[in-house]
Structures are given as structure tokens and as C-alpha cells.
Amino acid sequence: MSGPRPAILPRVVFLGRSLAEYQRIWGLSPGDLIGQRVLDCPCGPAGFVAGCRASGVEAVGCDPVLALELEEIRRLGERDRLDTAAALAASDAVLASHDPEAWNLEKTRSLRTFLEDFAVHGPHGPDADGRYVAASLPNLPFADQAFDLVLSAHFLFTYAPAEAGGMVEAALAFDLQFHLAAAGELARVSAKELRLYPIYAADSGHPRLHPFLEPVRGRLVELGFATEVVRSGYDQGVEGVPDTLVARRR
Ligand SMILES: C[S@@+](CC[C@H](N)C(=O)[O-])C[C@H]1O[C@@H](n2cnc3c(N)ncnc32)[C@H](O)[C@@H]1O
């Protein structure tokens with residue numbers, strides 16, 4: 001691959017965006033979601049579920065890491081924030097507008113917000129209410145069409161092999177078969193809409209849609225969804241290509 005060196009991550013990182021970042025990614029605020037059942041998969045240590053629940057939205061987050069004890073989750077969150085910052089610093093494909101200090105502050109706050117909410121409302125918390133579920137794609141423990149809206153950020157496409165536009169070495173990456181199975185599973189639990197972000201290849205010197213996008217789109221169409229690609233207001237890197245796949249059940 002020629003051009004700028006993309007950030008290569010050491011693993012699928014347990015790193016979460018803030019509620020404000022989620023709002024920019026999806027163009028949605030909790031107020032838009034009242035009355036909807038919403039799934040964030042994988043949620044990582046993001047602030048979205050806590051923010052939605054605070055506004056009365058029936059949001060659920062799932063992630064395999066949620067099976068661990070609180071202190072271990074905290075340790076993974078802190079380790080992966082540092083490892084991701086190091087990977088970004090070693091890459092020359094990061095936007096000139098990237099501000100490492102602001103990035104670090106926002107991710108630290110997201111982790112804190114998530115941990116505080118998980119401690120109270122997670123499976124072992126004093127007010128456990130099912131908002132956090134330990135689960136791994138491609139097999140989710142939810143009924144068919146259990147959610148109106150399913151959101152999935154920074155997982156599919158991002159963790160494809162680096163040679164195929166992802167951010168991890170091939171041995172640690174999810175292949176196309178996994179992507180098709182995972183997209184099918186996210187579609188199964190969605191009654192109305194599924195959104196995936198980002199859908200571009202990580203080698204941002206050459207803006208292009210991810211090579212797995214069209215097969216994933218094809219699978220969603222086979223499953224009865226109409227799809228479109230759109231551009232979000234969350235500009236984290238690749239100029240000139242759409243960054244979000246929206247799939248609506250026909
Ligand atoms: C970078 S985080 C994304 C978190 C959040 N969606 C965001 O955008 O900030 C990726 C997450 O994928 C989770 N993960 C790893 N393997 C998974 C799997 N097989 N199924 C679902 N999630 C997985 C990790 O635990 C991690 O929290």
C-alpha cells in the first residue's frame with residue numbers, strides 16, 4: 001500500500017465515543033429517540049446508552065467486554081485509550097485537525113461516564129435494568145426485531161484486515177464471512193433500521209469506500225432492507241466519500 005501510513009491497532013480496542021460524538025455520527029440526539037427501542041452494538045465504553053437512558057430512551061448496549069468485572073473493564077478501557085493514542089501518533093494518515101489532548105480528554109470522560117453508569121445499571125449493579133448486556137457478534141441474545149433502531153459504530157469495516165482497508169493485522173482481523181454474518185445478525189434484531197459507521201477504508205490517503213461494503217449491502221438487501229450511503233457530520237478522517245450505511249426494513 002502506498003500513501004500515508006494508517007493507524008494499526010493492536011487489537012479490537014475497548015474505546016468509546018461520547019454522547020456528543022454519537023450525536024454527530026448518527027445525526028440523532030436522545031430527544032429524537034424517545035419511544036424507540038435502540039441497540040448500540042458494540043457499545044464499548046461509550047456514553048451513548050447512559051445519555052439516552054437519562055432522557056428516558058429505552059437504549060441497550062452490548063459488548064463482549066461487559067462480561068468482565070468492573071475493575072477489569074476499567075483497566076481495559078484505560079489500556080486501550082493509551083494504545084489507541086499511540087497508534088494514532090505513529091500514523092501519518094491522521095487528519096491535521098486531530099488534537100491529541102482533546103481526543104484524550106473526550107475518551108477519558110466517555111470511559112468515566114460509562115463506568116459510572118455500568119456500576120449502577122450493569123448486570124451486578126444495585127439498579128440493574130438490562131441496559132448493558134454481554135454479547136458478541138455474530139450471535140446476539142435478542143429476539144428477532146427486538147429493537148426499532150440498531151446502531152453499530154467503529155466495529156465492522158474498521159476491524160477488517162489492514163490490507164482490506166481495516167486497522168488491524170490480518171491474524172487479528174474479521175474477514176468478509178464474519179462481516180456478512182454480523183451484519184445479518186444486526187439486521188435480524190432490527191425491526192426498522194440499522195446504521196453502520198464508518199464504511200470507508202482506513203487508508204485515508206486514498207479516499208474510497210471499504211471493499212467489504214458492497215457485499216454487506218448485498219446481504220442486507222437479500223434480508224429485505226433498502227440501503228443508502230450517506231455522509232455524517234462527524235468528520236474524523238476521510239474526505240470525499242460517504243461514511244455511513246443506512247438500511248431500512250422494506
Ligand atoms: C472501538 S469499540 C467501538 C465502541 C463504540 N461503538 C464507539 O463507536 O465508540 C469496538 C468494540 O468492539 C467490541 N468487540 C470485540 N469483538 C466483538 C464481537 N465479536 N462482537 C461485538 N463486539 C465486539 C470490543 O469489545 C470494543 O468495545
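This passage walks through helix packing, the ligand shell, backbone oddities and a handful of individual residues in a predicted model.

Two packed helices are described by the angle between their axes and the distance between the axes. Helix α3 covers residues 70-89 and helix α4 covers residues 100-121. Their axes come within 11 Å and cross at roughly 165°. Angles over 145 degrees count as roughly antiparallel, so α3 and α4 are roughly antiparallel to each other. As for handedness, the crossing of α3 and α4 is right-handed. On the α3 side, the contact draws on Leu70, Arg74, Gly77, Arg81, Ala85 and Ala89. Facing them in α4 are Pro100, Asn104, Lys107, Thr108, Leu111, Leu115, Phe118 and Ala119. Sorted by class, this contact of α3 with α4 comes out at eight nonpolar, three polar and three charged residues.

Alanine 89, one of the α3 residues that meet α4, deserves a second look. Alanine 89 has 11 C-beta neighbours inside 10 Å, and a residue with 12 or fewer is exposed, so alanine 89 counts as exposed. Its C-alpha atom is separated by 12 Å from that of glutamate 101, with the two positions 12 residues apart along the chain.

The other helix pair to mention is α5 and α6. Helix α5 takes in residues 176-188, and α6 takes in residues 213-222. Here the axes come within 9 Å, with a crossing of roughly 35°. The crossing of α5 and α6 is right-handed. From α5, the contact uses Leu176, His179, Leu180, Ala183, Gly184 and Ala187, while α6 supplies Pro215, Val216, Arg219 and Leu220. By class, the contact of α5 with α6 has seven nonpolar residues, two polar and one charged.

Just past α6 sits leucine 223, in the loop between α6 and β6 (225-230). Setting aside neighbours within four places in sequence, leucine 223 is in contact with Gly184 and Ala187, and both of these also belong to the α5 side of the contact with α6. Leucine 223 has 16 other C-beta atoms within 10 Å and is therefore partly exposed. Between the C-alpha atoms of leucine 223 and alanine 85 the separation is 38 Å, with the pair 138 residues apart along the chain.

Turning to the ligand, 18 residues surround it, and Pro42, Gly44, Leu137, Ala153 and His154 come nearest. The shell around the ligand is made up of 12 nonpolar, four polar and two charged residues.

Leu137 turns up again in the backbone geometry: a cis peptide bond joins leucine 137 and proline 138, with omega about 15°. Proline 138 lies in the loop between β3 (132-133) and β4 (147-153). A cis peptide bond also runs from tyrosine 197 to proline 198, where omega is near -10°. Proline 198 is found in the loop between β5 (190-197) and α6.

His154, another of the residues that come nearest to the ligand, has a phi near 55°, a positive value in a residue other than glycine. Histidine 154 is found in the loop between β4 and α5. With 21 C-beta neighbours inside 10 Å, where 20 or more make a residue buried, histidine 154 counts as buried. Phenylalanine 157 sits in the loop between β4 and α5 too, and has a positive phi of about 75° although it is not a glycine. Phenylalanine 157 is buried as well, since 27 other C-beta atoms lie within 10 Å.

Phenylalanine 155 also lies in the loop between β4 and α5. This residue has 19 other C-beta atoms within 10 Å, short of the 20 that would make it buried, so phenylalanine 155 is partly exposed. The C-alpha atoms of phenylalanine 155 and alanine 50 are separated by 20 Å, the two residues being 105 residues apart along the chain.

Finally, towards the start of the numbering, aspartate 32 has its place in the loop between α1 (19-26) and β1 (37-40). With 13 other C-beta atoms within 10 Å, aspartate 32 is partly exposed. Its C-alpha atom is separated from that of valine 57 by 9.2 Å, and the two are 25 residues apart along the chain.

How values were computed
Residues numbered from 1 in each chain as written. Predicted model: local features only at pLDDT ≥ 70, side-chain atom pairs only at ≥ 80, totals over all residues. Helix = DSSP H or I, 4+ residues; strand = E, 2+ residues; numbered from the N terminus. Contact = placed C-beta atoms within 7 Å. Near = placed C-beta within 6 Å. Nonpolar A, V, L, I, M, F, W, Y, C, P; charged D, E, K, R; others polar. Axes fitted to C-alpha atoms, helices over the stretch in contact; angles between N-to-C directions. Parallel < 35°, antiparallel > 145°, perpendicular 65-115°, else oblique. Left-handed = near helix turned anticlockwise from the far one by under 90°.
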